[in-house]
Amino acid sequence: MILGFKCANQVNETDLDVKKALHRISSPFFFFGITDRWSESICLFHYWFGGSMQPYEMFSNRPTALLIRDVSSNKVNDSLDQLFFEGSTIIFEYRLSKAGCLNKQEEAKRGAII
């Protein structure tokens with residue numbers, strides 16, 4: 001989607017440019033978070049857009065059922081996904097550090113974020 005393709009579209013691997021995708025998300029106008037690091041993402045969101053973290057933001061208020069689907073045809077792109085995730089994590093970590101949001105995940109687990 002970052003490169004302009006619709007979600008779950010079959011795309012030629014040659015059209016998938018990890019460097020271009022990483023360049024786009026590194027723009028100062030492109031916010032993203034990582035769901036596995038929810039508390040830090042919320043902290044970063046408030047650093048970018050204002051306000052303060054609230055306890056209700058730490059809960060899943062829209063739980064969804066696990067959808068199992070066959071993704072075996074996507075195996076070709078796994079290495080590209082991994083490269084993108086590694087690169088985006090570096091950008092995310094840098095932004096967290098700049099915003100003072102590192103380790104918010106642990107603080108949230110202890111109930112220290114209000």
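This briefing covers the fold, helix α3, the disulfide, the aromatic pairs and a few single residues of one protein chain. The model is predicted. The chain has four helices and zero strands, in the order α-α-α-α along the sequence. One disulfide is found, and a search of the whole structure gives six aromatic pairs.

**Overall architecture**

- Of the 114 residues in the protein chain, 25% are buried.
- Among contacts in the protein chain with a separation of 6 or more, 61% are made by residues 24 or more positions apart.
- The exposed surface of the protein chain comes to about 8,600 Å², and carbon and sulfur atoms supply 57% of that area.

**Helix α3**

- Helix α3 covers residues 78-99.
- With 22 residues at 1.5 Å a residue, α3 should span 32 Å; the C-alpha atoms at its ends are 31 Å apart, which agrees with that expectation.
- The buried residues in α3 are L80, G87, S88, T89, I91, F92, R95, L96 and A99.
- These buried residues of α3 pack against α1 and α2.
- An α-helix has 3.6 residues a turn, so residues three or four places apart point the same way.
- Just after α3, G100 has a positive phi of about 75 degrees.

**S88 within α3**

- S88 lies in helix α3 and has a relative accessibility of 5%; the cut-off for buried is under 20%, so S88 counts as buried.
- A polar atom of the S88 side chain lies 3.0 Å from the backbone oxygen of F85.
- Leaving aside neighbours within four places in sequence, S88 is in contact with L22, I25 and F32.
- Of these contacts of S88, L22 and I25 carry numbers inside the range of α1, residues 18-25.

**The disulfide**

- C43 and C101 form the disulfide, with their sulfur atoms 2.1 Å apart.
- The pair links distant parts of the chain: C43 is in helix α2, while C101 is in the loop between α3 and α4 (104-109), 58 residues apart.
- The torsion about the S-S bond of C43 and C101 is about -75 degrees, so the disulfide is left-handed.
- Both cysteines of the pair count as buried: C43 has 11% relative accessibility and C101 has 0%.
- Another cysteine, C7, has 59% relative accessibility and therefore counts as exposed.

**Aromatic pairs**

- The search of the whole structure finds six aromatic pairs, among them F31 with F45, an edge-to-face pair at 5.7 Å centre to centre with 80 degrees between the planes.
- This pair links distant parts of the chain, with F31 in the loop between α1 (18-25) and α2 (38-49) and F45 in helix α2, 14 residues apart.
- F45 also pairs with F49, and this pair is tilted, at 4.9 Å centre to centre and 45 degrees between the planes.
- F45 and F49 both lie in helix α2, four residues apart, which is about one turn of the helix.
- Ring pairs link F31, F45, W48 and F49 into a cluster.
- As for accessibility in this cluster, F31 is partly exposed at 26% relative accessible area, and F45 is partly exposed at 33%.
- F49 has 52% relative accessibility; exposed means over 50%, so F49 counts as exposed.

**M53 in the loop after α2**

- M53 is in the loop between α2 and α3.
- With a relative accessibility of 9%, M53 counts as buried.
- M53 and I42 are 11 residues apart along the chain, and their C-alpha atoms are separated by 6.9 Å.

**Points to carry forward**

- Helix α2 holds C43 of the disulfide as well as F45 and F49 of the aromatic cluster.
- Helix α2 is also one of the elements against which the buried residues of α3 pack, together with α1.
- The loop between α3 and α4 supplies C101, which is buried at 0% relative accessibility.

Methods. Residues numbered from 1 in each chain as written. Predicted model: local features only at pLDDT ≥ 70, side-chain atom pairs only at ≥ 80, totals over all residues. Heavy atoms only, no water. Phe/Tyr/Trp six-rings, centres within 6.5 Å; stacked < 30°, edge-to-face > 60°. Helix = DSSP H or I, 4+ residues; strand = E, 2+ residues; numbered from the N terminus. Buried < 20%, exposed > 50% of the residue type's maximum accessible area, 1.4 Å probe, protein only. Polar contact = N/O pair within 3.5 Å; in protein donor to acceptor, adjacent residues only side chain to side chain. Contact = heavy atoms within 4.5 Å. Areas by Shrake-Rupley, 256 points an atom, 1.4 Å probe, with all protein chains shown as cover. Expected span 1.5 Å × (residues − 1). Disulfide = S-S within 2.5 Å.
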